[in-house]
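Here is a short briefing on one structure. Keep the sequence and the model side by side as you read.

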Number of protein chains: 2
Amino acid sequence: MNKSLKVNSRDKALLVRTPFMSALSNEALLKMLNAATISSLPARHVVFREGTPADHFYCVLGGYVRLYRLNREGREADIRVCGPGDTFAECQIFGDDTYRFNAQTAENTTFARFDTRTVRTLAEQEPDIAKAIMACLSQHLLTTMDCVANDRLHTAQQRVAEYLLKNCPVSGGPASLRLPFQKNLLAGMLGLAPEALSRAFSSLRRIGVTVRGRVVQIGDVRALRDI
Amino acid sequence: MNKSLKVNSRDKALLVRTPFMSALSNEALLKMLNAATISSLPARHVVFREGTPADHFYCVLGGYVRLYRLNREGREADIRVCGPGDTFAECQIFGDDTYRFNAQTAENTTFARFDTRTVRTLAEQEPDIAKAIMACLSQHLLTTMDCVANDRLHTAQQRVAEYLLKNCPVSGGPASLRLPFQKNLLAGMLGLAPEALSRAFSSLRRIGVTVRGRVVQIGDVRALRDI
DNA sequence: CGAAGTGTTGACTATCGTCAAGATCCGTGG
DNA sequence: CCACGGATCTTGACGATAGTCAACACTTCG
């Protein structure tokens, strides 16, 4: 069920803590909050489809959204996975007028929705908002370039190791972390088939990585870094 | 030899026609031109290195620049190839303060160089400039996302076919085009080893694509589209 | 004409995708 | 609380794709 309502206090608290919104002045923040609508969608629900008019962009408050594209045979490839605090489709504010990829919830997800036209106008009035958009776009561009370089330079094993390191609380010795979502989604995020992720994990066993459900135990973080 | 001078009339003409600059108001345009420096570098010359302070961003006027990253063993992977009219490292204006990749000229190249601090200030004063930066960042983000999806969905053959179609003057029947740079560079752009590009070209022969030096003849553009 | 640089081809190998079967996890309902 | 059933994950076998190395052909330019 898609319940759509004005920003309530809990959602608002999440929204203003977002990297995108946290640097705004009070005035700019108010204007943006006014333009926001909160929605929730159940798992595996389409948010928008490639080729449809791009009239909104989004900010995830809870849950995960998968951005992906299809080839002619219908195979899907993930482009990005957005979690709490991430914005997506902001490239449509001053970009193309149709979505260039599909967006689907990976699990039950709450997000803020902004009308692109409204925000375009606000960005022209409030330098703060323009600045926030530029910072956000820059950040995304950098991480997406990272992604291209990663895909082209590293093997499945290395990409998994890198993901673990990036999400690891400590920088040396033993560590433990809990995957925030299903392995399916992680596989797509890393540009792998689920089977390849599974194999990568089991090949990491020989350097002391054990996986039980969503919990990953790392024997020595430094050993991981040498992969 | 790195000759660095104020904008001359021919370079200026190129610069103001750039997608990035062409939408600016007269006043904004003047301020930007004032902040620009023109430089030329010979082929295979490093423009900047990953990890160094990101104090400038660039706009290519003539020639080609390769953005790439290295893995630990020193293997290079191209992230983007920038030609005339393209800007690069604009993600550093409101982003990180160190370059996250290397930039190298592929051939003798002329470009405009802008100080990021100066432009950051200008963007806060002139909404036009902020708008141009946002449009530019959005465009790049979209093409980079395209690149990720492409790498993950398509084979070498398909990527080459797609490149040819994108740079093809006509939409059906026979066509001919001239590659604007060495095959080496094209290979990197498509995320391939040079040998793989060569093989992809020769596998396209059976559907009527012939290559002689930089000239590519396409028997039937429609047949290419079916790959 | 020669030499360096660029592109092509062949042989081999590593990596990863696909398909299929089996194991495990997890939520639901009895 | 347990049992069931569907979803998710793992493992194995196989094949396709593309990377690497090496030798050779072809360009290009001094």
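Residues 20–140 of chain A are 31% helix and 35% strand. The C-alpha atoms at the two ends of this span lie 11 Å apart. Keep in mind that this is a predicted model.

**An annotated span in chain A**
- An unreviewed UniProt entry annotates residues 20–140 of chain A as "domain: Cyclic nucleotide-binding".

**Where the two chains touch**
- On the chain B side, 35 residues are in contact with 35 residues of chain A.
- Strand 6 (76–82) and helix 5 (127–153) of chain B each supply at least two residues of the side that touches chain A.
- Helix 5 of chain B gives the largest share of that side, with 20 residues.
- By class, the side of chain B that touches chain A has 19 nonpolar, eight polar and eight charged residues.

**Around DNA strand C**
- There are 19 residues around DNA strand C.
- Which of them come nearest? They are A:T155, A:A156, A:A196, B:K183 and B:N184.
- Chain A brings helix 6 (156–166) and helix 8 (194–203) to the surface near DNA strand C, each with at least two residues.
- Chain B brings helix 7 (183–189) and helix 8 (194–203), again with at least two residues each.
- Which helix gives the most to this surface? Helix 8 of chain B does, with six residues.
- The surface near DNA strand C divides into seven nonpolar, seven polar and five charged residues.

Technical notes:
Residues numbered from 1 in each chain as written. Chains lettered and ligands numbered in written order. Predicted model: local features only at pLDDT ≥ 70, side-chain atom pairs only at ≥ 80, totals over all residues. Near = placed C-beta within 6 Å. Helix = DSSP H or I, 4+ residues; strand = E, 2+ residues; numbered from the N terminus. Nonpolar A, V, L, I, M, F, W, Y, C, P; charged D, E, K, R; others polar. Contact = placed C-beta atoms within 7 Å. UniProt positions renumbered as here; feature names shortened; annotations may be inferred.
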